[in-house]
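Here is a short briefing to read alongside the structure. Have the model open as you go through the points below.

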Amino acid sequence: MKRLVCMLLIGALVCLFFAQAFASSFWLAPYQEDEKVKNIKDRLRQTLEPRQPAATYEAGVLLALVDSREDAEKIAELYGITLDSVNAGLAKFTTDQDILELIKLGRKNGWPEVQPNYLYQLF
């Protein structure tokens with residue numbers, strides 16, 4: 001009888017030990033994983049953050065893709081800007097107005113899209 005009680009007691013202690021070990025790893029795992037996910041997201045944000053200043057553009061110059069010179073003239077009339085040239089479907093416009101405000105105005109009114117002439121630096 002003593003031997004049976006000792007075996008049951010030892011069995012109960014072993015069960016408690018494994019139950020506690022399982023429960024702690026089971027309940028802590030989501031918090032640890034959340035921390036891992038947070039670290040991964042932080043590293044990803046750092047990687048994706050722009051390291052160069054925002055893109056610059058040529059002041060007073062707008063570009064648009066057009067099918068003909070007449071389309072470019074219509075765009076110039078809508079925006080109140082000057083058509084400078086049309087070459088291979090690309091129209092170049094000049095203006096003294098703020099080009100970002102012109103772009104917003106065109107989007108608001110549903111006019112054909114114009115874009116700044118972005119300047120890129122390779123090195």
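The accessible surface of the protein chain comes to about 10,500 Å², and carbon and sulfur atoms account for 60% of that area. Please keep in mind that this is a predicted model. Of the chain's 123 residues, 17% count as buried.

**Overall layout**
- The protein chain has three helices and four strands.
- Following the sequence, these elements come in the pattern α-β-α-β-β-α-β.
- Looking at contacts between residues at least 6 apart in sequence, 59% join residues at least 24 apart.

**The largest nonpolar core**
- This core has 15 residues, and those with the most contacts inside it are Leu62, Ile75, Ile81, Phe93 and Val114.
- Two or more residues each are given to this core by strand S1 (56-65), helix H2 (69-79), strand S3 (90-94) and helix H3 (99-109).
- H2 provides the largest share, with four residues.
- Ile75 is a good place to zoom in: leaving aside residues up to four places away in sequence, Ile75 touches Ala64, Val66, Phe93, Pro112 and Val114.

**Helix H2**
- The buried residues here are Ala72, Ile75, Ala76 and Tyr79.
- These residues lie on the same side of H2, because they cover an arc of only 100 degrees around the axis.
- Turn to the face away from that buried side, and you will find the exposed residues Lys74 and Glu77.
- The cover over the buried residues of H2 includes S1, strand S2 (82-87), S3 and H3.
- Gly80 follows H2 and has a positive phi, near 70 degrees.

**Helix H3**
- In H3, the buried residues are Ile99, Leu102, Ile103 and Gly106.
- Seen down the axis, the buried residues of H3 fall within an arc of 100 degrees, so they line one face of the helix.
- Lys104 and Lys108 are exposed on the other side of H3.
- S1, H2 and strand S4 (115-119) are what the buried residues of H3 pack against.
- Just after H3 comes Gly110, with a positive phi of about 75 degrees.

**Putting the two helices side by side**
- H3 is among the elements covering the buried residues of H2, and H2 is in turn one of the elements that the buried residues of H3 pack against.
- S1 appears in both settings: S1 is part of the cover for H2, and the buried residues of H3 pack against S1.
- A glycine with positive phi comes after each helix: Gly80 follows H2, while Gly110 sits just after H3.

Conventions
Residues are numbered from 1 along each chain as its sequence is written. This is a predicted model: local features need pLDDT of at least 70, side-chain atom pairs count only at pLDDT 80 or more; totals for chains, interfaces and linings use all residues. Side-chain values use heavy atoms; hydrogens and water are left out. A nonpolar core is a set of buried Ala, Val, Leu, Ile, Met, Phe, Trp, Tyr and Cys residues joined through side-chain atoms within 4.5 Å. Buried means under 20% relative accessible area, exposed over 50%, partly exposed in between (1.4 Å probe, protein chains only). Contact means heavy atoms within 4.5 Å. The arc is that of the directions from the helix axis to the C-beta atoms. Accessible areas come from the Shrake-Rupley method with a 1.4 Å probe; for residues, only the protein chains shown count as cover.
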